[in-house]
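Got your viewer open and a selection box ready? Here is a short walk through the model, one stop at a time.

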Amino acid sequence: MAAPSGEQIYREVQDYYGKELQKSEDLQTNACVTLARPLPTFIKEALKCVHDDVVSRYYGCGLVIPECLETCWILDLGSGSGRDCYMLSKLVGEKGHVTGIDMTDAQVEVAKKHIDYHMKKFGYQVPNVDFIHGYMEKLGDAGLKDESYDIVISNCVINLSPDKRAVLQETYRVLKAGGEMYFSDVYASCDLPEDIRKHRVLWGECLGGALWWKDLYRIAEEVGFCPPRLVTASRITINNKELERVVGDCQFVSATFRLFKVPKKGPAERCQVIYNGGITGHEKELEFDANFTFKEGDVVEVDAETAAILRSSRFAEEFLIRLAAGRAPAPGGCCPAKAKEKIVDPFQLVERLEAKGLAPKPAGCCGPKGCC
């Protein structure tokens with residue numbers, strides 16, 4: 001029996017998320033639950049503003065809230081009931097804008113129904129959020145133009161797409177130069193066998209369509225992005241005996257990555273950077289990814305790729321950037337003697353975190369009271 005076709009996947013995912021799942025507690029694995037990680041106060045406050053009906057229909061696998069959001073234009077792929085869109089609507093401010101796109105009519109209708117509620121809650125005169133019914137592989141068909149967004153986010157939905165390359169290509173197209181794709185999703189430890197890929201429930205539960213993590217790196221670079229930057233990862237457990245038998249030895253993680261669309265401007269050079277501080281919620285320390293954490297005022301030597309990202313993205317004004325002199329870059333710090341190999345494998349990151357007792361533990365699915 002062949003793996004499901006693209007049209008069949010669309011139809012079954014729409015049914016699964018539009019009809020079978022009525023609330024997050026209906027999920028059969030913990031692949032689509034939010035991780036129990038401390039949240040900055042300003043995000044907690046934004047979450048409290050989201051309507052209960054919207055939160056109860058949320059099925060994401062993480063909290064995809066990047067930093068430095070004021071006035072940004074953001075696109076949410078697979079926005080579902082709109083929980084992340086409404087939270088971001090508050091964070092970008094009235095001068096920013098958030099667009100949510102989803103292929104499931106029932107979810108889009110839930111999101112649209114509460115626009116007025118949230119705009120009044122935030123005190124906005126003009127709505128800064130809109131929701132579109134459409135496909136993330138075909139953003140052009142939904143009217144989304146080239147280089148129109150600063151940030152594209154996605155929360156546990158790319159695994160549901162039958163054409164991941166098209167999703168990344170379209171994302172690259174709609175991002176402005178220096179823009180970022182910041183997203184959480186489910187990744188597999190191997191190229192999944194057919195019996196997993198054709199399993200209807202595993203598709204709906206975000207596992208059957210999970211990409212082998214190495215394929216993400218390959219596809220992203222082929223499309224034009226800088227190499228993916230791993231932010232965080234957590235092991236996924238399947239507390240369902242029938243599904244465990246189907247999955248066998250395949251392992252899964254929920255991981256957050258960031259991809260940057262960096263203009264090609266000739267050879268890049270390693271640099272020393274100093275974080276100026278002041279980004280909302282990250283005033284003293286910016287945890288950029290699994291390899292680099294920038295503390296206010298500290299000099300950190302970074303590789304050419306990281307320097308190019310900081311220079312060309314919305315983070316440029318948040319750093320003092322200068323050329324480094326004669327030393328090899330050190331991931332996460334400025335001392336060459338302490339240089340370590342960059343962590344790119346989400347499964348390796350999970351093992352390191354678990355060994356240190358730092359691995360985030362899965363929490364219950366988000367209900368009306370929110371996460372954390």
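**Stop 1: the cysteines**

Start by selecting C226, which counts as buried because its relative accessibility is 13%. Keep in mind as you click around that this is a predicted model.

Next, pick C156. C156 counts as buried too, since its relative accessibility is 2%. To find it by eye, look in the loop between strand 4 (149-155) and helix 7. Check its backbone while you're there: phi is positive, about 65°, although C156 is not a glycine. For context, most residues other than glycine have a negative phi.

Now jump to C68, in the loop between helix 3 (52-56) and strand 1 (73-77). Here phi is positive again, at about 60°, and C68 is not a glycine either. With a relative accessible area of 13%, C68 is buried.

With cysteines on screen, how many disulfides does a search of the whole structure find? The count is zero. A disulfide would be a covalent bond between the sulfur atoms of two cysteines.

**Stop 2: a charged residue in strand 5**

Select E180, which is found in strand 5. Buried or exposed, would you say, for E180? It counts as buried, because its relative accessibility is 0%, and the cut-off for buried is under 20%. Add I151 to the selection and put a distance label between the two C-alpha atoms: it should read 4.9 Å, although E180 and I151 are 29 residues apart in sequence.

**Stop 3: the second largest cavity**

Stay with strand 5, but turn on your cavity display. Rolling a probe the size of a water molecule over the atoms shows where empty space is left. Over the whole structure, the search turns up four cavities of 30 Å³ or more. Go to the second largest cavity, with a volume of about 60 Å³.

To see its walls, select I158, N159, K164, L168, F183, D185, V186, Y187, L211 and L216. Which element gives the most to this lining? That is strand 5, with four residues. Helix 7 (164-174) and strand 5 (175-188) each supply at least two residues. Color the lining by residue class and you get seven nonpolar, one polar and two charged.

**Stop 4: strands 7 and 8**

Move along to strand 7 (residues 229-235). This strand is mostly covered, with six of its seven residues buried. Show strand 8 (residues 252-260) as well, and you'll see the two pair in the antiparallel sense over six bridges. For one bridge to zoom in on, take L230, whose partner in strand 8 is F257. If you show side chains here, remember that in a regular strand they alternate between the two faces of the sheet.

**Stop 5: a three-stranded sheet**

Last stop: an open, antiparallel sheet of three strands in the order 12-9-13. At its edges sit strand 12 (299-302) and strand 13 (319-323), each pairing on one side only. Line up the strand axes and, ignoring direction, neighbouring strands of this sheet are turned by 30° against each other on average.

Zoom in on strand 9 (residues 271-275) and strand 12, which pair in the antiparallel sense over four bridges. To finish, select V273 and look across: opposite it stands V300 in strand 12.

Notes
Residues numbered from 1 in each chain as written. Predicted model: local features only at pLDDT ≥ 70, side-chain atom pairs only at ≥ 80, totals over all residues. Heavy atoms only, no water. 1 Å grid on protein atoms, 1.4 Å probe; cavity = no way out; pocket = protein on both sides within 12 Å on 5 of 7 lines; lining within 4 Å. Points joined across faces, edges and corners; volume = space filled by probe spheres on them. Nonpolar A, V, L, I, M, F, W, Y, C, P; charged D, E, K, R; others polar. Buried < 20%, exposed > 50% of the residue type's maximum accessible area, 1.4 Å probe, protein only. Pairing = 2+ DSSP bridges. Disulfide = S-S within 2.5 Å. Axes fitted to C-alpha atoms, helices over the stretch in contact; angles between N-to-C directions.
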